[in-house]
Amino acid sequence: MRKKTYSLRLERKQLAGIRFIAFLFSTILLQTSSLYAQSSSLVTNITSTTGRSYILGDLVTGVTIYTDRTYQTTSVPPFLNNAPFIRTPNDDKANNTASMLSFNLTQSATLYVAYDPRVTVLPAWLSSWQKLAAVQVVGINDPTINHLDLYSKSYAAGPVTLGGNLASPAAGSKNNYLVVALAAQTYALTITAIGNGTITKNPDLTTFPGGSNVTLTATADAGQQFTGWSGDASGTVNPLTITMNSDKSVTATFASITQYTVTLTPNGSGTVSKSPDQPSYTTGASVTLTATPSAGQQFTGWSGDANSTVNPLDITVNGDKNITGSFAPLSSSLITNISATSGRSYILGALVVGTTLYTDRTYQATSVPAFLNNASFIKTPNDDKTSTASSLLSFDLTQNATLYIAYDPRGTTLPAWLNGWQKVASQVGINDPAISYMNLYSKDFIASHITLGG
């Protein structure tokens with residue numbers, strides 16, 4: 001076999017090179033077009049009745065959003081990152097036709113319209129779309145607004161037609177909308193109630209678009225209480241909003257409301273009452289107990305499941321309660337023969353929290369030193385507060401005793417008759433709007449007739 005030898009002229013070699021480069025360039029174009037087709041195959045055949053440019057792109061941070069403006073996205077919700085979107089002309093922002101933009105979906109998808117947040121009334125074609133949560137927006141660097149709100153709606157494969165930005169009855173929008181498409185990705189939500197109660201979901205759908213929010217509300221039946229969420233949710237927040245980023249199963253648990261009784265018993269001559277007056281109370285309920293002594297009696301304190309001399313007394317119900325209010329005769333034998341030169345009323349009482357301090361005012365004691373609790377005291381008329389008499393009040397002590405004067409803390413100079421008394425650290429609380437306490441001064445006396453000044 002004879003060996004063949006070939007040679008090429010330089011011109012021929014250059015031509016072959018050109019053909020090779022052209023083939024390589026053609027291959028690169030085909031590959032690039034193929035990649036673009038993959039990203040845009042969900043949306044095809046975009047047309048507009050306005051004749052302006054509507055083109056397809058990928059929604060990412062930094063992409064130009066309009067075909068006639070340089071505004072760019074500053075943020076994109078993660079679930080829409082790299083989704084195909086229709087870049088619109090902002091000059092169509094005033095279009096009010098019912099059918100402006102048309103395109104084809106090659107498969108079922110959720111469409112998102114990014115719309116001007118300044119809108120006061122949506123166009124009719126957009127009014128049935130679901131508005132996404134406030135954190136799910138498309139950020140933009142338009143000098144007048146910093147984001148576009150997102151509205152979603154599911155569509156089957158096939159043609160889609162959307163109206164103009166200001167189609168009736170729209171008002172308030174000053175920027176044209178964008179359209180984003182996301183291949184259908186829906187998730188199921190299963191809700192279960194344990195116990196006696198119901199759960200509602202809003203929106204009430206069988207499946208939900210990925211990234212959408214659902215609000216769950218647990219409603220307990222009568223005599224029941226909601227105790228918490230479990231499964232793909234936790235806590236006791238009610239209503240509860242969850243984001244659908246996977247199939248979810250959520251359980252609401254209900255339980256019977258525990259009821260407790262509060263039983264009051266009087267010991268001695270007097271009555272005890274509770275407010276609110278109910279046969280039973282739920283856990284944590286607040287109940288006010290009031291002891292009212294009969295004439296000539298004094299309240300001496302609560303016992304049982306409460307140990308206090310405060311009257312009225314507020315208790316928190318956290319179990320069945322049995323409480324006794326005790327009364328005893330007023331100890332009046334230590335002080336007798338009370339009289340006053342003013343002619344006004346001075347009467348004997350027992351010093352306890354809640355007792356009225358004056359005969360002509362409703363101010364009450366809010367605190368009493370323990371060593372003076374239930375001590376005999378002379379209830380005075382506040383109208384005698386300006387008396388300058390050196391001898392105003394007289395009474396008899398039937399035995400040696402320590403007297404205590406509760407005096408206005410605003411006094412800058414004591415009356416002469418009170419000089420020499422010892423000021424003590426303790427005070428008597430009072431609910432006078434002007435002062436909250438009275439200072440105490442003490443002095444020992446033997447059994448005798450006592451006279452005090454004004």
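## A hairpin to start with

Strand 33 leads into strand 34 by way of a hairpin of six residues. This is a predicted model, and the hairpin is a good place to begin exploring it. The two strands, with strand 33 covering residues 422–430, pair in the antiparallel sense over six bridges. If you would like one pair to look for, take Lys-423, whose bridge partner in strand 34 is Tyr-441.

Strand 34 (residues 437–445) also pairs with strand 32 (residues 401–407). Here, too, the strands run antiparallel, and seven bridges join them. Ala-401 gives you a marker for this pairing: its bridge partner in strand 34 is Phe-445. As background, strands of a sheet pair through backbone hydrogen bonds, either parallel or antiparallel.

## An open sheet of three strands

Now move to another part of the chain. Which order do the strands take in the open sheet of three strands? The order is 13-15-17, and the pairing is antiparallel. Strand 13 (197–202) and strand 17 (240–243) are the edge strands, each pairing on one side only. On average, neighbouring strands of this sheet are turned by 25 degrees against each other, with direction ignored.

Let us look at one of these pairings in detail. Strand 15 spans residues 213–220, and six bridges link it in the antiparallel sense to strand 13. Within that pairing, Lys-201 has Leu-216 of strand 15 as its bridge partner.

## A buried arginine

Next, find Arg-87 in strand 4 (residues 83–87). Is Arg-87 buried or exposed? Arg-87 is buried, yet it has no salt bridge. The nearest side chain of opposite charge belongs to Asp-58, and it is 8.4 Å away. A salt bridge would need the charged atoms to be within 4 Å, so Asp-58 at 8.4 Å does not form one with Arg-87.

What does the side chain of Arg-87 reach at 2.6 Å? It reaches the backbone oxygen of Thr-64. Leaving aside neighbours within four places in sequence, Arg-87 is in contact with residues including Ser-53, Tyr-54 and Ile-55. Val-63, Thr-64, Ile-65, Tyr-66 and Thr-67 are also among its contacts.

## Two cis peptide bonds

Most residues other than glycine have a negative phi, and most peptide bonds are trans. With that in mind, here are two bonds to look up. The peptide bond from Ser-275 to Pro-276 is cis, with omega near 0 degrees. You will find Pro-276 in the loop between strand 21 (270–275) and strand 22 (281–282).

The other bond runs from Asn-311 to Pro-312; it is cis, and its omega is near 0 degrees. Pro-312 has its place in the loop between strand 24 (297–304) and strand 25 (313–316).

## Two asparagines with positive phi

Where does Asn-45 lie? Asn-45 is part of strand 1 (residues 43–48). Its phi is near 55 degrees, a positive value in a residue other than glycine. Asn-45 is exposed, with a relative accessible area of 60%.

Asn-337 is the other one to visit, and its place is in strand 27 (residues 335–340). The phi of Asn-337 is near 55 degrees, again positive in a residue other than glycine. Asn-337 counts as exposed because its relative accessibility is 53%, and the exposed class begins over 50%.

Methods: Residues numbered from 1 in each chain as written. Predicted model: local features only at pLDDT ≥ 70, side-chain atom pairs only at ≥ 80, totals over all residues. Heavy atoms only, no water. Pairing = 2+ DSSP bridges. Helix = DSSP H or I, 4+ residues; strand = E, 2+ residues; numbered from the N terminus. Axes fitted to C-alpha atoms, helices over the stretch in contact; angles between N-to-C directions. Buried < 20%, exposed > 50% of the residue type's maximum accessible area, 1.4 Å probe, protein only. Lys, Arg positive; Asp, Glu negative; His and termini not counted. Polar contact = N/O pair within 3.5 Å; in protein donor to acceptor, adjacent residues only side chain to side chain. Contact = heavy atoms within 4.5 Å.
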